[in-house]
Every structure is written in C-alpha cells, then in structure tokens.
Amino acid sequence: MAKRRELTDFERGLIVGARRMGRSITEVVLAFNFPRSTVSRVYREYLAGITSHGGQRSGRPRMLNDEDLKRLDSIVCANRYATLDEITATFNAGALSAHENQACLTNFSRDYPLHTGNTP
C-alpha cells in the first residue's frame with residue numbers, strides 16, 4: 001500500500017475539476033491514481049463548501065518546549081555523571097540553582113573556548 005500523505009491544493013483541484021467536468025469517481029481514480037475514498041471525500045467537501053483542509057498535520061507534538069530543552073541541557077551539563085533517574089528527579093524538581101548554572105557555564109567555557117570567545 002502506498003505511503004499516506006496530504007493532498008496539495010493542486011491535486012484537490014484536479015479531483016474537483018474532473019468531477020465537475022462529468023467524470024465518474026472511477027474515471028478520476030484511474031486517471032490520477034488516488035484512492036477512491038479520497039476522491040469521494042474531496043468532492044463531497046467541495047460540494048459542502050469546505051474549501052480549506054486545515055493545512056498539513058504537524059505530527060506528534062513535542063514533549064519538551066525550547067525552555068525545557070535548555071533547562072535539561074543545563075542539568076546534564078552541571079552533572080555529567082548523573083544517572084537518568086537523578087536527571088529526571090532534578091528536572092521535575094524545578095530550575096537549577098544559581099551555583100549549578102554558573103558551574104555549567106564555566107565548564108562549557110573551558111571545554112568549548114571557540115564557541116564562547118574565551119581562550120585557554
């Protein structure tokens with residue numbers, strides 16, 4: 001079976017145009033190689049006045065936003081030898097202390113001098 005994907009506006013227009021010209025669903029399916037259910041649905045939506053399809057789906061939502069990712073990176077950087085359970089507990093407990101954050105920045109500056117402008 002073919003991989004599913006969203007139809008482009010052009011492809012939707014092909015289906016609607018062919019059906020408006022009097023072509024049967026079977027003829028449209030054979031001509032454009034779209035599933036029968038898709039052809040029926042697109043034309044039914046057109047007749048009902050549904051002009052937009054809502055855009056492409058975004059997929060599964062991210063579990064962590066950008067702020068959470070930065071915080072997680074800081075936690076790992078502050079204690080590189082922590083276990084997953086320790087990292088999870090620290091992350092769920094809240095933000096880093098000022099001391100932990102400063103230690104992380106110091107280590108990063110030392111380990112990656114080109115990225116921070118510092119030289120060894």
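**Two helix pairs and a nonpolar core**

In this predicted model, helices α4 and α5 are oblique to each other, because angles that are neither under 35 degrees, nor over 145, nor from 65 to 115 count as oblique, and here the angle is about 130°. Helix α4 covers residues 66–78 and α5 covers residues 84–93, and their axes lie 10 Å apart. If you look at how the two pass, you will find a right-handed crossing.

Let's see which side chains build this contact. From α4 come Asp68, Arg71, Leu72, Ile75 and Val76, while α5 brings Ile87, Thr90, Phe91 and Asn92. Sorted by character, the residues of this contact are five nonpolar, two polar and two charged.

Ile87 is a good residue to pause on. It belongs to helix α5. Is Ile87 buried or exposed? Its relative accessibility is 14%, and buried means under 20%, so Ile87 counts as buried. Leaving aside residues up to four places away in sequence, Ile87 touches Leu72, Ile75, Val76 and Ala82. Leu72, Ile75 and Val76 are also among the α4 residues of the helix contact. For Ile75, 12 residues from Ile87 along the chain, the C-alpha separation is 6.8 Å.

Now turn to the other helix pair, α1 and α2. Their axes come within 10 Å and cross at roughly 140°. That angle makes α1 oblique to α2. The crossing of α1 and α2 is right-handed. Here Leu14, Ile15, Ala18 and Arg19 of α1 meet Ile25, Val28 and Phe32 of α2. This contact divides into six nonpolar residues, no polar ones and one charged.

In soluble globular proteins, nonpolar side chains tend to be buried together. Which residues form the largest nonpolar core here? There are nine: Leu7, Ile15, Val16, Ala18, Val28, Val29, Phe34, Val39 and Val42. Helices α1 (9–20), α2 (25–32) and α3 (36–47) each supply at least two residues of this core, and α1 gives the most, with three. Some residues will look familiar: Ile15, Ala18 and Val28 of the core also take part in the contact of α1 with α2.

Val42, another member of this core, makes a nice last stop. Apart from residues up to four places away in sequence, Val42 touches Leu7, Arg12, Ile15 and Val16. Of these partners, Leu7, Ile15 and Val16 are listed in the core as well.

How values were computed
Residues are numbered from 1 along each chain as its sequence is written. This is a predicted model: local features need pLDDT of at least 70, side-chain atom pairs count only at pLDDT 80 or more; totals for chains, interfaces and linings use all residues. Side-chain values use heavy atoms; hydrogens and water are left out. Axes are lines fitted to C-alpha atoms, for helices over the stretch in contact, and angles run from 0 to 180 degrees between N-to-C directions. Helices (H or I, at least four residues) and strands (E, at least two) are DSSP runs, numbered from the N terminus. A crossing is left-handed if the near helix is turned anticlockwise from the far one by less than a right angle, and right-handed if clockwise. Contact means heavy atoms within 4.5 Å. Ala, Val, Leu, Ile, Met, Phe, Trp, Tyr, Cys and Pro count as nonpolar, Asp, Glu, Lys and Arg as charged, and the others, Gly among them, as polar. Buried means under 20% relative accessible area, exposed over 50%, partly exposed in between (1.4 Å probe, protein chains only). A nonpolar core is a set of buried Ala, Val, Leu, Ile, Met, Phe, Trp, Tyr and Cys residues joined through side-chain atoms within 4.5 Å.
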